[in-house]
Amino acid sequence: MNIAPLTCTPETVAALADLLRETVAAGGSVSFMHPLAPEVAAAFWTRSLGAADAGERVVLGAFEDDQLVATVTLLLDCPPNQPHRGEIAKMMTRLDRRGRGLARALMIEAERIAVERGRTLLTLDTAEDEGAGPFYEKLGFTRAGVIPDYAYKPHGGLCGTIIYWKRIGAPSGWDRDLAAPRATAAEAADPATAAGRPR
């Protein structure tokens, strides 16, 4: 298995579009309804990979024998007041390749890249019905709550979504400032007092 960031080429768009259509047909809740037209799937990945080429996200692919068999997207283009956050999206694996550790390997690489890019918090959501909640919990994500009737399943019927979060990397910036111990009034007046405080 090989994991690598993907760029916008016709071959990559076609492979991702095929994977997306397979996932949706199998009931995967990834924002699309079944049946998903090939041109709609291709248009989505063309836009997504264009955003990746612009540095707004990272689209990772897992390959076996030069075939794209799984993918995950790390969204980095967060609002100005959330420069510390990244979001996980479009985690998909070929039906005949599931249960072989591909998704876990992709998530580990996505987290590594997020830390490398200075992110300290990851968020994601997954379907309440037949979603990947237990998988994400094994990776250290914390369940924040459920939004009921959030979206339609690919074959119809409303489903809730579960929101997850995970702290990653070392605190920095405002996070570090919030985590740093505060000096007491006595310590501020006499720095020697702080020197004896346990850390």
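In this predicted model, ring pairs gather F135, Y136, F141 and Y164 into a cluster. That makes a handy place to start, since the structure holds 5 aromatic pairs. One of them joins Y136 and Y164, whose rings sit 6.4 Å apart, centre to centre, with 50° between the planes, so the pair counts as tilted rather than stacked or edge-to-face. Y136 belongs to helix α4 (residues 133–138) and Y164 to strand β7 (residues 158–167), so this pair ties together parts that are 28 residues apart in sequence. Both partners are tucked away: Y136 is buried at 6% relative accessibility, and Y164 is buried at 1%.

Y164 also turns up around T123, a residue of strand β5 (residues 121–127). Setting aside neighbours within four places in sequence, T123 is in contact with R85, G86, E87, I88, Y164 and W165. With R85 there is something extra, namely a polar contact of 2.8 Å between the two side chains. T123 has a relative accessibility of 15%, and because the cut-off for buried is under 20%, it counts as buried.

Stepping back to the whole chain, there are 7 helices and 7 strands. Read from the N terminus, the elements run β-α-α-β-β-β-α-β-α-β-β-α-α-α. Of the 199 residues, 38% are buried. The chain exposes about 11100 Å², and carbon and sulfur atoms supply 53% of that area. Contacts reach well along the sequence too: among those between residues at least 6 apart, 60% join residues at least 24 apart.

Charged side chains come next, with a count of 10 salt bridges. One of these is between R100 and E64, at 3.3 Å from N to O. R100 lies in the loop between β4 (85–93) and α3 (102–116), while E64 is in strand β2, so the pair ties together parts 36 residues apart in sequence. E64 is buried, at 13% relative accessibility. Another salt bridge brings R97 and D96 together at 3.7 Å, N to O. Here the two partners fall into opposite classes: R97 is buried, with a relative accessible area of 15%, whereas D96 is exposed, at 59%. Taken together, E64, D96, R97 and R100 are linked in a network of salt bridges.

A further salt bridge, between E111 and K166, comes in at 2.7 Å, N to O. This pair links distant parts of the chain, with E111 in helix α3 and K166 in strand β7, 55 residues apart. E111 is partly exposed at 23% relative accessibility, but K166 is buried at 13%.

Strand β2 (residues 57–64) also holds F63, which is partly exposed with a relative accessible area of 23%. Not counting residues up to four places away in sequence, F63 touches M1, N2, L6, L68 and V69. F63 and A4 are 59 residues apart in sequence, yet their C-alpha atoms are 8.2 Å apart in space.

Last comes the surface, where M33, Y152 and L158 make a nonpolar patch of about 300 Å². M33 is found in the loop between α1 (10–25) and α2 (38–53). With a relative accessible area of 39%, M33 is partly exposed.

Note on methods: Residues are numbered from 1 along each chain as its sequence is written. This is a predicted model: local features need pLDDT of at least 70, side-chain atom pairs count only at pLDDT 80 or more; totals for chains, interfaces and linings use all residues. Side-chain values use heavy atoms; hydrogens and water are left out. Rings of Phe, Tyr and Trp (its six-membered ring) pair if their centres lie within 6.5 Å; planes under 30 degrees apart count as stacked, over 60 as edge-to-face and the rest as tilted. Helices (H or I, at least four residues) and strands (E, at least two) are DSSP runs, numbered from the N terminus. Buried means under 20% relative accessible area, exposed over 50%, partly exposed in between (1.4 Å probe, protein chains only). A polar contact is a pair of N or O atoms within 3.5 Å; within protein, one must be able to donate a hydrogen and the other to accept it, and residues adjacent in sequence count only if both atoms are side-chain atoms. Contact means heavy atoms within 4.5 Å. Patches are made of residues with over 30% relative accessible area and no salt bridge: like charges are joined within 9 Å, nonpolar side chains (Val, Leu, Ile, Met, Phe, Trp, Tyr) within 5 Å. Accessible areas come from the Shrake-Rupley method with a 1.4 Å probe; for residues, only the protein chains shown count as cover. A salt bridge is a side-chain nitrogen of Lys or Arg within 4 Å of a carboxyl oxygen of Asp or Glu.
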